[in-house]
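Student: Could you take a close look at one part of this protein with me? I'd like to see how one helix packs against its neighbours.

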Amino acid sequence: MSAGNASNSGTEWHAARSEALAVLHDALGWNLPGPRWEQVQSTVADIAAAVAAASLDALWQTISRLELCSPLRVVTRVGDTPPLPAPKAVRERIAELIDTLAREGDPKVGHEPDRESSSSLRKPATPPGPRR
């Protein structure tokens, strides 16, 4: 990463990390046939490798592969294996990766947290009143 692209790449990395977090959170709620979970497990491992290598291109590619595994893209037919929630090992690996990506996004000393993430953590001081 060159110095001239550091800021832009940081922004791109943040966008990719946010997208990965969103897709991984979604994957925890998916119901898929067993063989499809094997593909998800392999793809989640590839996402982890892309994060460990800090490879932006690999991260975007693996996020796209995981999105293609979603139930919206899975056709089941009569007699097919019924869709099931993620096996425990897959859920645990996804949760670990979510934790890793979330920690990576924590604000560093001297940096302000972005408004979107910090505002979602704050609760209003008083509940909103009735609308008029």
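Tutor: Let's go from the whole protein to helix α2 and what surrounds it. A quick word on the ground rules: this is a predicted model, where local features need pLDDT of at least 70 and side-chain atom pairs count only at pLDDT 80 or more, while totals for chains, interfaces and linings use all residues. Residues are numbered from 1 along each chain as its sequence is written, and side-chain values use heavy atoms, with hydrogens and water left out.

The protein has five helices and two strands (DSSP runs numbered from the N terminus, H or I of at least four residues for helices and E of at least two for strands). Starting at the N terminus, the order is α-β-α-α-β-α-α. Of the 132 residues, 27% are buried (under 20% relative accessible area with a 1.4 Å probe, counting protein chains only; over 50% is exposed, and in between is partly exposed). Now take contacts (heavy atoms within 4.5 Å) between residues at least 6 apart in sequence: 78% of them join residues at least 24 apart.

Now for our helix. Two packed helices are described by the angle between their axes and the distance between the axes. Axes here are lines fitted to C-alpha atoms over the stretch in contact, and angles between N-to-C directions run from 0 to 180 degrees. Helix α2 covers residues 34–52 and helix α3 covers residues 56–68; they pack at about 165°, with axes 9 Å apart. That's why α2 and α3 are called roughly antiparallel (angles over 145 degrees; under 35 is roughly parallel, 65 to 115 roughly perpendicular, and the rest oblique). Their crossing is left-handed, meaning that the near helix is turned anticlockwise from the far one by less than a right angle, whereas clockwise would be right-handed.

Who touches whom? On the α2 side the residues include R36, V40, T43 and I47, and they meet α3 residues including L59, T62, I63 and L66. Sorted by class, this contact has 10 nonpolar, three polar and three charged residues (Ala, Val, Leu, Ile, Met, Phe, Trp, Tyr, Cys and Pro are nonpolar, Asp, Glu, Lys and Arg are charged, and the others, Gly among them, are polar).

Zoom in on T62, which sits in α3. T62 counts as buried because its relative accessibility is 5%. Leaving out residues up to four places away in sequence, T62 touches T43, D46, I47 and A50.

Between α2 and α3 there's a loop, and A54 is in it. A54 is exposed, at 53% relative accessible area. Its phi is positive, about 55°, although A54 is not a glycine. Most residues other than glycine have a negative phi.

α2 has another partner: helix α4, residues 88–104, packs with α2 at about 25°, with axes 10 Å apart. So α2 and α4 are roughly parallel. This crossing is left-handed too. The residues involved include W37, V40 and V44 of α2 and V90, I94 and L97 of α4. By class, the α2 and α4 contact has 10 nonpolar, two polar and two charged residues.

Finally, look at V40 in α2. V40 is buried, with a relative accessible area of 0%. Again skipping residues up to four places away in sequence, V40 touches W30, L32, L66, C69, V90 and I94. V40 and A27 are 13 residues apart in sequence and 8.6 Å apart in space, C-alpha to C-alpha.
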